[in-house]
Amino acid sequence: MEHLINSKVQEIEVSGIRKFYNMVSHIDDVISFTIGQPDFHTPEHVKLAGIQAIEENFTSYTPNAGIIELRTAACDFVKKKYGLSYEAESEVIVTMGASEAIDISFRTILTEGTEVILPGPIYPGYEPIIRMCGAVPVHVDIRKNQFRFTLEMIKPYITDKTRCIVLPYPSNPTGVSLTEMELKEIADYLKEREIFVLADEIYSELTYDQHHLSIASFLKEKTIVINGLSKSHSMTGWRIGFLFAPKDITKHILKVHQYNVSCANSIAQKAALGALTTGMDDAIPMKREYIQRRDYVYNRLTAMGLSVVKPDGAFYFFVKIPESIPVNSFDFALEMVHQAKVAVVPGSAFSEFGEGYFRLSFACSLETLEIGLNRMEQFLNNRLC
């Protein structure tokens, strides 16, 4: 019966991140720098809000877009943090994580043959959905531009089929953000063009060298902003995301969301309400830790002679494999996990433009980072002899 499966589904692959993680997870004594998951626990007050929701039997369906208290808190949050103004009643949808928000956005705005412009390398969660919509992903090689997806890089790829541009900043896997000037240049260019922007800002609370700025500040009428609590409040398993857009866009996305999941988990919504109110600044102490880790890892990697761009957001390094090691990124990562017991994600998981690199997550303790980097350094020294 497999031959009857939707051909678009048959053609897509399991995420390269998960594929490699699953392949090496059984190996003993491995230091894993693979999965992008905070190593902090969900804040206590957030967990208590979830427990209280269960005890109060808040276990029924909610409005499709989410409870109004949470939508109001989400709008207040992005207003205070990023200066964005949205109406709680009609311009925000509570989703099952940022992943669902991306899915329902693409399924609403894409049609057969339309094109979506994305930077490469990029998180692998966009392309499969684009292809399942019958649309065409168009990757822009940003490796020689310090991983910056600027207007200069984008313009040559815009055609009359372009329906959307994806701006995933701060970036997974590179940790790079765009400046105010870079965002404004893109916004100004798109003002007179019928092109959507999907701004995936899930790492917005984890910026280190500059305050997060959304392109929606300049181009709200065409921008769909994706955010959530997985990274900012260490709530990956709670599956709460947010989608912000003008009401003439959200009213259509809400229909897809309704038939997709009905509503986000009611208990998780109550926990999320605690995260966005009492816990509005919960990310600050985590960010302090991440900055220490980032600086430590950057110093270690550069001391090893590795070429790397210092991330100003998220919790990843995208590291160039030395040219003197003539293997592809998958084989390099596999060799390192077997010989050094250190797991990283092959760059090929992040599109063809990630080949020749590996992603290292520093969402783990300094002690773990030190042990893992010591092993990596020894591995590289042995490999380069």
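Does Asn 172 count as buried or exposed, and at what relative accessibility? I began my notebook with this, keeping in mind that the model is predicted.

**Entry 1, Asn 172**

I found Asn 172 in the loop that runs between β5 (162-167) and α8 (180-190). Its relative accessibility is 9%, and because buried means under 20%, Asn 172 counts as buried. I then looked up what surrounds Asn 172, leaving aside neighbours within four places in sequence, and noted contacts with Ile 122, Tyr 123, Tyr 203, Tyr 316, Phe 350 and Arg 359. With one of these, Arg 359, there is a polar contact from side chain to side chain, at 2.8 Å.

**Entry 2, helix α11**

I turned next to α11, and wanted to know how many of its 11 residues are buried. The count is 10 of the 11, so α11 is largely enclosed by the rest of the structure. I wrote down the buried ones as Ser 266, Ile 267, Ala 268, Gln 269, Ala 271, Ala 272, Leu 273, Gly 274, Ala 275 and Leu 276. When I checked what covers these buried residues, I found that the cover includes the helices α3 (44-55) and α4 as well as the strands β2 (92-95) and β8 (241-244). At the start of α11, I also noted that a side-chain oxygen of Asn 265 comes to within 2.9 Å of the backbone nitrogen of Ile 267.

**Entry 3, α4 against α11**

Since α4 had appeared in the cover of α11, I looked at this pair of helices by itself. Two packed helices are described by the angle between their axes and by the distance between those axes. For α4 (residues 68-82) and α11 (residues 266-276), the angle is about 30° and the axes are 9 Å apart. Angles under 35 degrees count as roughly parallel, which means that α4 is roughly parallel to α11. I recorded the crossing of α4 and α11 as left-handed.

Which residues meet here? From α4 I listed Glu 69, Leu 70, Ala 73, Ala 74 and Phe 77, and from α11 I listed Gln 269, Ala 272, Leu 273 and Leu 276. Sorted by kind, the residues of this contact are seven nonpolar, one polar and one charged.

**Entry 4, Leu 384**

My last look was at Leu 384, which is found in helix α14 (residues 366-384). With 44% relative accessibility, Leu 384 counts as partly exposed. Beyond the residues up to four places away in sequence, Leu 384 touches Pro 322, Ser 324 and Ile 325. For Ile 325, I noted that 59 residues separate it from Leu 384 in sequence, while their C-alpha atoms are 7.3 Å apart in space.

Definitions and conventions: Residues are numbered from 1 along each chain as its sequence is written. This is a predicted model: local features need pLDDT of at least 70, side-chain atom pairs count only at pLDDT 80 or more; totals for chains, interfaces and linings use all residues. Side-chain values use heavy atoms; hydrogens and water are left out. Axes are lines fitted to C-alpha atoms, for helices over the stretch in contact, and angles run from 0 to 180 degrees between N-to-C directions. Angles under 35 degrees count as roughly parallel, over 145 as roughly antiparallel, 65 to 115 as roughly perpendicular and the rest as oblique. A crossing is left-handed if the near helix is turned anticlockwise from the far one by less than a right angle, and right-handed if clockwise. Contact means heavy atoms within 4.5 Å. Ala, Val, Leu, Ile, Met, Phe, Trp, Tyr, Cys and Pro count as nonpolar, Asp, Glu, Lys and Arg as charged, and the others, Gly among them, as polar. Buried means under 20% relative accessible area, exposed over 50%, partly exposed in between (1.4 Å probe, protein chains only). A polar contact is a pair of N or O atoms within 3.5 Å; within protein, one must be able to donate a hydrogen and the other to accept it, and residues adjacent in sequence count only if both atoms are side-chain atoms.
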